[in-house]
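Colleague: I would like to learn how to read a model of this kind. Could we go through it feature by feature?

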Amino acid sequence: MNQKLFSEFIATFIMVFVGCGAIVVDTINGGVIGSVGISLVFGFVVSSMIYTFGHISGSHMNPAVTIAFAVIDEFDKKDVLKYVLAQLFGAILASLILLFLFFENVTSMKEMAYLGATLPKGSWYQAFILEYILSFILMIVICGSAVHAKAIKSFAGLSIGLTIAFEALFGGAISGASMNPVRSLAPALVSGHFESLWIYIMATILGATSGSIVYKYIIKCKNSDECLI
């Protein structure tokens with residue numbers, strides 16, 4: 001279990017450090033990376049972490065995914081809190097290091113995009129519904145590509161990374177396209193900017209859990225005959 005927890009810790013650290021780091025660098029340097037570049041960075045780093053740590057811990061990197069798996073009995077419920085804490089500590093460490101590295105370049109947290117914190121561009125309900133749907137889609141892809149009996153699991157990392165990228169491409173400008181509670185919580189904690197944080201905790205967990213339930217009762221093979229191609 002210690003190996004799995006460390007894998008979750010380091011994978012989540014790298015994901016937040018690289019993804020949120022891209023947002024910070026982009027903001028400090030006047031948009032040199034751009035929204036497309038940031039979306040691709042998140043997709044690439046998630047894909048890389050899945051191929052690096054997926055065979056060890058599953059590379060959840062996301063409490064919403066861990067909880068959703070536990071709800072459908074694809075993950076041991078007694079290990080949920082341990083995984084969530086490992087993910088949270090990894091994300092917080094990444095945000096702290098980003099603060100240490102780049103605060104000398106700015107005079108306020110705003111100038112470094114609050115360390116990559118996610119903030120709604122419109123109403124709270126617009127961001128909530130979008131985050132719910134994005135998290136739902138992500139969980140369906142995760143289950144269908146990495147869990148389903150007929151899935152070609154060697155392509156799961158690519159499939160999940162591409163999903164992160166395309167969802168961030170169109171959702172990032174509206175809600176930040178978090179899809180992950182600790183990806184939003186860690187920058188908020190370190191930057192001290194908690195505006196609308198509840199959206200990115202509740203909507204992502206509810207969306208991912210809904211996706212896993214749909215997978216279990218509609219998409220998952222019910223018997224060996226259904227799993228025949």
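Modeller: We take the overall fold, then one residue, then the aromatic rings. Keep in mind that this is a predicted model.

Colleague: What does the secondary structure of the chain come to?

Modeller: Eight helices and zero strands. Along the sequence the pattern is α-α-α-α-α-α-α-α.

Colleague: What radius of gyration does the chain have, and what would a compact globule have?

Modeller: The general idea is to set the value against the one expected for the chain length. A compact globule of 229 residues would have a radius near 17 Å, and the chain has 17 Å, so the two agree. Along the principal axes, the C-alpha atoms fill a box of roughly 60 × 40 × 30 Å.

Colleague: What percentage of the residues is buried?

Modeller: Of the 229 residues, 51% are buried. The surface the chain exposes is about 10,500 Å², and 69% of that is supplied by carbon and sulfur atoms.

Colleague: What share of the contacts joins residues 24 or more positions apart?

Modeller: Among contacts with a separation of 6 or more, such pairs account for 77%.

Colleague: And the charges: how many side chains are positive and how many negative?

Modeller: There are 12 positive and 13 negative side chains, with the centres of the two sets 7 Å apart.

Colleague: Now a single residue. Is I160 buried or exposed?

Modeller: Buried means under 20% relative accessible area. I160 has 6% relative accessibility and therefore counts as buried. The residue sits in helix 6, residues 156-171.

Colleague: Which residues is I160 in contact with, leaving aside its neighbours within four places in sequence?

Modeller: V46, I50, L138, V141, I142 and S145. As for C143, its C-alpha lies 9.8 Å from that of I160, with the two positions 17 residues apart in sequence terms.

Colleague: How many aromatic pairs does the structure hold?

Modeller: Seven. A pair of rings is described by the distance of the centres and the angle of the planes. For W124 and Y125 the centres are 5.9 Å apart and the planes at 90°, so this pair is edge-to-face. W124 and F128 are also edge-to-face, because their planes stand at 75°, with centres 6.5 Å apart.

Colleague: Where do W124 and F128 lie along the helix?

Modeller: Both are in helix 5, residues 124-147; they are four residues apart, which means a separation of about one helical turn. F128 counts as buried, at 16% relative accessibility.

Colleague: Which residues form the aromatic cluster?

Modeller: W124, Y125, F128 and W198 form one cluster.

Key. Residues are numbered from 1 along each chain as its sequence is written. This is a predicted model: local features need pLDDT of at least 70, side-chain atom pairs count only at pLDDT 80 or more; totals for chains, interfaces and linings use all residues. Side-chain values use heavy atoms; hydrogens and water are left out. Helices (H or I, at least four residues) and strands (E, at least two) are DSSP runs, numbered from the N terminus. The radius of gyration is taken over C-alpha atoms; the globule rule is 2.2 Å times the number of residues to the power 0.38. Buried means under 20% relative accessible area, exposed over 50%, partly exposed in between (1.4 Å probe, protein chains only). Contact means heavy atoms within 4.5 Å. Accessible areas come from the Shrake-Rupley method with a 1.4 Å probe; for residues, only the protein chains shown count as cover. Lys and Arg count as positive and Asp and Glu as negative; His and the chain ends are not counted. The place of a charge is taken as NZ of Lys, CZ of Arg, CG of Asp or CD of Glu. Rings of Phe, Tyr and Trp (its six-membered ring) pair if their centres lie within 6.5 Å; planes under 30 degrees apart count as stacked, over 60 as edge-to-face and the rest as tilted.
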